Amino acid sequence: MKTHVMYLALSLGLLGASSFAHADDKITLGRTILLGKSDHGAQIPLLVCRRVDAIKVKAERDMRLERVVVTFNNDDTKTIHFHRKLDKHDQTDWRKFAYTRCVKSLEVYGKAEGSSAGVRVYGRQ
């Protein structure tokens with residue numbers, strides 16, 4: 001009897017802890033590489049639609065970030081302009097959508113300071 005009560009208390013504790021851990025989750029939507037002299041956007045296709053309410057961009061090398069074009073599940077697009085220089089390991093602030101949307105793909109526009117620069121795009125659930 002005591003073991004059943006202990007298992008019940010443990011499972012209720014884990015359920016409560018998991019709901020608090022997911023309160024402000026940051027998920028990686030994708031990674032891509034920007035080239036130094038390219039005017040084309042770097043595509044990040046998502047295999048499954050990810051529901052997020054904001055995005056953030058992190059640079060893995062020095063680069064200039066121009067914009068990110070987000071394509072949603074209903075084929076609507078939203079262009080988020082940044083127009084700023086990002087140093088190595090620097091990141092932007094959260095850019096919010098009006099409400100939680102299902103992101104299908106991303107296209108990152110910018111230029112690398114050297115030959116190439118890695119970029120990570122995060123989403124907030």
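A residue is called buried when its relative accessible area is under 20%, and Ser105, with a relative accessible area of 15%, therefore falls in that class. Ser105 has its place in strand E5, and, apart from residues up to four places away in sequence, it touches Ile44, Pro45, Leu46, Val69, Val70 and Thr71. The model described here is a predicted one, and the account below moves from the whole chain to the sheet, the core and the disulfide.

## The chain as a whole

The protein chain holds one helix and six strands, which follow one another from the N terminus in the order α-β-β-β-β-β-β. Of the 125 residues in the chain, 38% are buried, while the chain exposes about 8,000 Å², of which carbon and sulfur atoms supply 54%. Among the contacts between residues at least 6 apart in sequence, 76% join residues that are at least 24 apart.

## The sheet

The six strands form an open sheet with the order E1-E6-E2-E5-E3-E4 and with antiparallel pairing. Strand E1 (26-35) and strand E4 (77-86) stand at its edges with a single partner strand each, so that one side of each is left without a neighbour in the sheet. On average, and with direction ignored, neighbouring strands of this sheet are turned by 45° against each other.

Three of the strand pairings can be set side by side, each with one pair of opposed residues.

| Strand pair | Bridges and sense | Opposed residues |
|---|---|---|
| E1 and E6 (residues 116-124) | nine bridges, antiparallel | Thr32 and Val119 |
| E3 and E4 | eight bridges, antiparallel | Arg64 and Lys85 |
| E3 and E5 | nine bridges, antiparallel | Leu65 and Gly110 |

Strand E3 appears in two of these rows, since it pairs with E4 over eight bridges and with E5 over nine. E3 is also mostly covered, seven of its ten residues being buried. Where E3 and E4 form a hairpin, four residues lie between the strands, and Asp75 takes a positive phi near 70° in this hairpin.

## The nonpolar core

The largest nonpolar core comprises 26 residues, and those with the most contacts inside it are Val70, Leu106 and Val121. The elements that give two or more residues to this core are E1, E2, strand E3 (63-72), E4, E5 and E6, and E2 gives the most, with seven residues.

Which residues surround Leu106, once its neighbours within four places in sequence are left aside? Leu106 is then in contact with Leu29, Ala42, Gln43, Ile44, Leu46, Val68, Val69, Val70 and Val121, a list that includes both Val70 and Val121, the other two residues named for the most contacts inside the core.

Leu29, one of the contacts of Leu106, has its place in strand E1. Leu29 counts as buried because its relative accessibility is 7%. Leaving aside its own neighbours within four places in sequence, Leu29 is in contact with Ile44, Leu46, Arg50, Val52, Ile55, Leu106, Val121, Tyr122 and Gly123. In the case of Ile55, the two residues are 26 apart in sequence, and their C-alpha atoms are 8.7 Å apart in space.

Ile44 and Leu46 recur in these surroundings: both are in contact with Leu106, both are in contact with Leu29, and both are touched by Ser105.

## The disulfide

The count of disulfides comes to one, and this disulfide joins Cys49 to Cys102, with a distance of 1.2 Å from S to S. Cys49 lies in strand E2 (residues 42-59) and Cys102 in strand E5 (residues 95-112), so the pair ties together parts that are 53 residues apart in sequence. A disulfide is, in general, a covalent bond between the sulfur atoms of two cysteines.

Are the two cysteines buried or partly exposed? Cys49, at 30% relative accessibility, counts as partly exposed, whereas Cys102, at 16% relative accessibility, counts as buried.

Terms used
Residues are numbered from 1 along each chain as its sequence is written. This is a predicted model: local features need pLDDT of at least 70, side-chain atom pairs count only at pLDDT 80 or more; totals for chains, interfaces and linings use all residues. Side-chain values use heavy atoms; hydrogens and water are left out. A disulfide is a pair of cysteine sulfur atoms within 2.5 Å. Buried means under 20% relative accessible area, exposed over 50%, partly exposed in between (1.4 Å probe, protein chains only). Two strands pair if DSSP finds at least two bridges between them. Axes are lines fitted to C-alpha atoms, for helices over the stretch in contact, and angles run from 0 to 180 degrees between N-to-C directions. A nonpolar core is a set of buried Ala, Val, Leu, Ile, Met, Phe, Trp, Tyr and Cys residues joined through side-chain atoms within 4.5 Å. Contact means heavy atoms within 4.5 Å. Accessible areas come from the Shrake-Rupley method with a 1.4 Å probe; for residues, only the protein chains shown count as cover.
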